[in-house]
Structures are given as C-alpha cells and as structure tokens.
Amino acid sequence: MSGASRELVLGVGAGIAAYKSCDLLRRLQDRGYSVTVVPTPSSLNFVGSATWAALSGRPVSTQVWENVHEVSHISIARTADFFLIAPATADLIARIAWGRADDLLTSLVLAAQVPILIVPAMHPSMWTAPATVANVALLRERGFTVMEPEIGRLTGSDIGQGRFPESSAIIKEFDTLTGFTQDLLGKRVLVTGGGTREAIDPVRFIGNRSSGKQALAVAKAALLRGAHVQLIAASIDSSDLLGVEVTHVESAEEMGQALSLQFPTCDILVMAAAVADAKPRHLHSEKIKKNQLEVIELEPTPDLLANLSAIKTNQIMIGFAAETSELIASASAKLIAKGLDVIYVNDVSGGAIFGKDTTQGMIISRTGAHIALKEVSKDALANLLLDHAVRQLG
Ligand code: CTP
C-alpha cells in the first residue's frame, strides 16, 4: 500500500485474546500504519483504555457520546484505509451482522467503506452455534473477510475450534488483503543515522540532538519489505535491530569512510544522519584545562551526500533536512545541491521532533511535488520514503 496515509482502525472485542492484540498493534505500526484503537466497552475488562492509548499514541473512545462535536464515528471511518477487528466475539459478530450501531466500533463499521478483516475468538460451542454460523456467512456474503479461528485448547480445559489465531497468521492475512508485498526483495538499502561526534579532546566532543529514531525506523521498514539492510550508526543503540548489518562510527570522517565502502553497491541510500558541519581544527591528545577552553578553532567537514552524488551510478538518494523556517525553499536548494532524488524536511522550529516518535514536515521530490505531513509516526514516514524509492526504481 502506498500514498500519504496509512490509517487503520483496530477494533477490539471482549475476549481474553484482547491482550494478544497489543502485539498485533505493534506489528501493524511496524508496517507504517497509524492505528486508532476502538475497543468495545466490555473489552476494557480485559485490556484498559490506558494501555491502548499508550501503545497507539492516540486517544481511545468506546462510545459515540465522547467528543460528540468531532462526529468521530464518521470522521474516523472516512480517514481509515482498513479495519481489523481482533478479537471478535460472537456478540460483536452478531451486532455487526445485524447492522447495529450501539457503540463506537459498530457505528464505525456501519459507516466504513473500506476492507474489513474480522478475527473471531470464542468458545467452540459459540462458534458452531447456528446463529454465529449464519452471522458469519452473512458477513462473508457482504464482503467482510472473516478468518477461521484455530483449533486447540481454549482458556479453560476445553478443546475445539475457537482459538485466536497466531499474530503471524493474522498479519499474513492482513498483508494479502492490503497488498503488502516485499517490494524491496533483492535490493540493498543503506541507511545512516544518529549524530556524529567531533572530538575536541579525549573527554569532550561537538555533537547534536539527533536520536537516530528515524534511521532505525527506516532500517526496520526496509527489512520488513525484504531488503538487505546496512546501517551506519553514529552513537545509536541498535541492539534490538536484528537482521541488519550495523557499522558503528563516531565522526563525520568515519561515516564518510564507511559510506565510501558501502554506497557503491547499494540501491537506495537514506541519509538520516545528522552530520556535524564542522570539527575542531586540532584534536588535543590531552584533556584541555578549563581556562584554555575559550576558543576552539573549527574547520568544515566534507559534505558527504554531495561527494556521493558525484560518484553515484543508479542509486536512489534520499536526504533529510532540519529547518526552522522557509522549509520548501531551503530543502529544495539542498535537494539540488546534494544531487538527491527525494528530501524530507523536518520542521524543527521550537525544538520539536528530536527524540520523539512522531515527526512533521514535508517530502519534496525532484519533480517539485511535495507532500505535507503532520504528526505522523517515524515508521509511517520511513515507509512513505521507501514508497518513493520503490516507484523510482521502477
Ligand atoms: N549531510 C551530509 N554531510 C554533511 C552535512 C549534512 O551528507 N557534512 C547530509 C545530512 O545527512 C542530510 C542532508 O545532508 O541528509 C542535509 O543536512 P542539513 O544539516 O540539513 O544540511 P547542511 O548541508 O548541513 O546545511 P545547513 O546546516 O547549512 O542547513
């Protein structure tokens, strides 16, 4: 799926499997989706609103009577690209089948005009009850996708068909329905991230506020889309990034050296690192005493992207800019000067973005087209940038 938005509603019914949907939510976010969780009121007995709000980063409502002025049951239904309802109880399935709108989730489903995947979980005797069988058949006839529950041991001692499927099986179904493909299979994606540190003496350095979160998001997204991923990491903890080849560097010079080795064989470069623009002219081998710290002479570091664009062959190059004013003009000038295909300009006015999980700014491509993004997750931005690269790779 591509485009500026990847909006999803995760509906949660009152089954014990509700806690398993916490993992599901994370996996959907990894795919670049911004997720609005809509639990049924009774499901809050299993997993509370606070958990969903913390995991999704969004407010959680269960009734149309909350935020009435926003007409949420229509606005959320309109912005969503997809609905996933997991777990769905026999009662929730019945209410959807009958077109009820007695809570926010069922109201949304009634108003939705997008694909809906329902993942039932209930006791086998409820799953095989004639009413449920008829309701499921009716929903399938109307175009809903209703997964088959798994056969196995239930919460009690009973065994039968009714178990909530494994997250991986649900995600597989979701990927099929949303057209999520490993569109970077066989491609090499090189990502840089974090902030370089330019040593003044053995103790001090010149650094910056970059957290590396955006680079980690790009690396994860590219991996999920099938790429071979290399990350050049400047002061970032990448320990939870399994499957990515990581090179740790400290200074702009070291990053330049790593890039010159890895860039020639990559297909896509995503240059998310905040590279220091200047470094101390002299590196002191001894710690400088505080009374000698008044002036530190600086000299410029090389522009790594500009150097790479001079030797590039077929690589797609994506850069970042952090600006506080005149976003489009400044970023477009950098796009040209650095030979980039796409640039994402962060609006960092007021110290926003650094260290956060969300970002706001603008994607600008060589054609001059731009997409404004407001408060999207860094995972979502990662996927949008990769969408651009995939389109350009053809
Ligand atoms: N960049 C680079 N080499 C540098 C500095 C920056 O390759 N020495 C890259 C960054 O990784 C980023 C892009 O260039 O992808 C833009 O970085 P930014 O700091 O916004 O631009 P600068 O060229 O440093 O310009 P200025 O600081 O004057 O805004």
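Helices (H or I, at least four residues) and strands (E, at least two) are DSSP runs, numbered from the N terminus. Everything in these close-ups comes from a predicted model.

**View 1. A parallel, open sheet of five strands.** Reading across, the strands come in the order E2-E1-E3-E4-E5, and the pairing is parallel. The edges belong to strand E2 (34–39) and strand E5 (145–146), each of which pairs on one side only. Helix H2 (residues 49–56) packs on this sheet, where it touches strand E1 (7–12) and E2. The direction of H2 makes about 170 degrees with that of E2. Over at the E5 edge, strand E4 (residues 116–120) runs parallel to E5 and is joined to it by two bridges. To find your place there, look for Ile118, which stands opposite Val146 in E5.

**View 2. Helix H4, mostly tucked away.** Helix H4 covers residues 90–97, and six of its eight residues are buried, so the rest of the structure largely encloses it. Which ones are buried? They are Ala90, Leu92, Ile93, Arg95, Ile96 and Ala97, so don't be surprised to see an arginine in the set, given that buried here just means under 20% relative accessible area. These buried residues have plenty to pack against: strand E3 (82–88) and E4, plus helix H5 (104–111), helix H6 (124–127) and helix H7 (130–141). Just after H4 comes Gly99, with a positive phi of about 70 degrees.

**View 3. Arg31, a buried arginine in a loop.** Follow the chain out of helix H1 (20–30) and you meet Arg31 in the loop that leads to E2. Is Arg31 buried or exposed? With a relative accessible area of 10%, Arg31 is buried. Leaving aside residues up to four places away in sequence, Arg31 touches Arg6, Ile171, Phe174, Asp175, Phe180, Leu224 and Asn383.

**View 4. Two buried cysteines, and no disulfides anywhere.** Cys22 has a relative accessible area of 19%, which makes it buried because the cut-off is under 20%. Cys266 is buried too, at 4% relative accessibility. As for disulfides, a search of the whole structure turns up zero.

**View 5. The hairpin of E6 and E7.** Strand E6 (residues 150–153) pairs with strand E7 (residues 159–163) in the antiparallel sense, over four bridges. The two strands make a hairpin, with five residues between them. Two glycines mark one of the rungs: Gly152 has Gly160 in E7 as its bridge partner.

**View 6. An open, mixed sheet of eight strands.** Here the order is E12-E11-E8-E13-E16-E17-E18-E19, with mixed pairing. Strand E12 (245–249) and strand E19 (370–377) are the edges, each pairing on one side only. On average, neighbouring strands of this sheet are turned by 20 degrees against each other, direction ignored. Helix H9 (residues 213–224) lies across strand E8 (188–194), strand E11 (228–234), strand E13 (268–271), E16 and strand E18 (358–365). H9 runs at about 160 degrees to E8.

**View 7. From E16 to E19 in the mixed sheet.** Start with strand E16 (residues 316–323), which pairs with strand E17 (residues 342–347) in the parallel sense over six bridges. Ile318 is a handy marker, with Val342 in E17 as its bridge partner. The next pair is antiparallel: five bridges join E17 to E18, and Val345 stands opposite Met362 in E18. How many of the eight residues of E18 are buried? Six are, so E18 is largely enclosed by the rest of the structure. E18 also runs antiparallel to E19, joined to it by six bridges, and Gly361 has Leu373 in E19 as its bridge partner. E18 and E19 form a hairpin with four residues between the strands, and in it Gly368 takes a positive phi near 95 degrees.

**View 8. Around the ligand.** There are 16 residues around the ligand, and the ones that come nearest are Ala273, Asp277, Phe320, Lys334 and Lys338. Backbone atoms take part here. For Ala273, a backbone N or O atom lies 2.7 Å from an oxygen atom of the ligand. Met271 likewise has a backbone N or O atom 2.9 Å from an oxygen atom of the ligand. With Leu304, a polar backbone atom is 3.0 Å from a nitrogen atom of the ligand.

Definitions and conventions
Residues numbered from 1 in each chain as written. Predicted model: local features only at pLDDT ≥ 70, side-chain atom pairs only at ≥ 80, totals over all residues. Heavy atoms only, no water. Pairing = 2+ DSSP bridges. Contact = heavy atoms within 4.5 Å. Axes fitted to C-alpha atoms, helices over the stretch in contact; angles between N-to-C directions. Disulfide = S-S within 2.5 Å. Buried < 20%, exposed > 50% of the residue type's maximum accessible area, 1.4 Å probe, protein only. Near = heavy atom within 4 Å. Polar contact = N/O pair within 3.5 Å; in protein donor to acceptor, adjacent residues only side chain to side chain.
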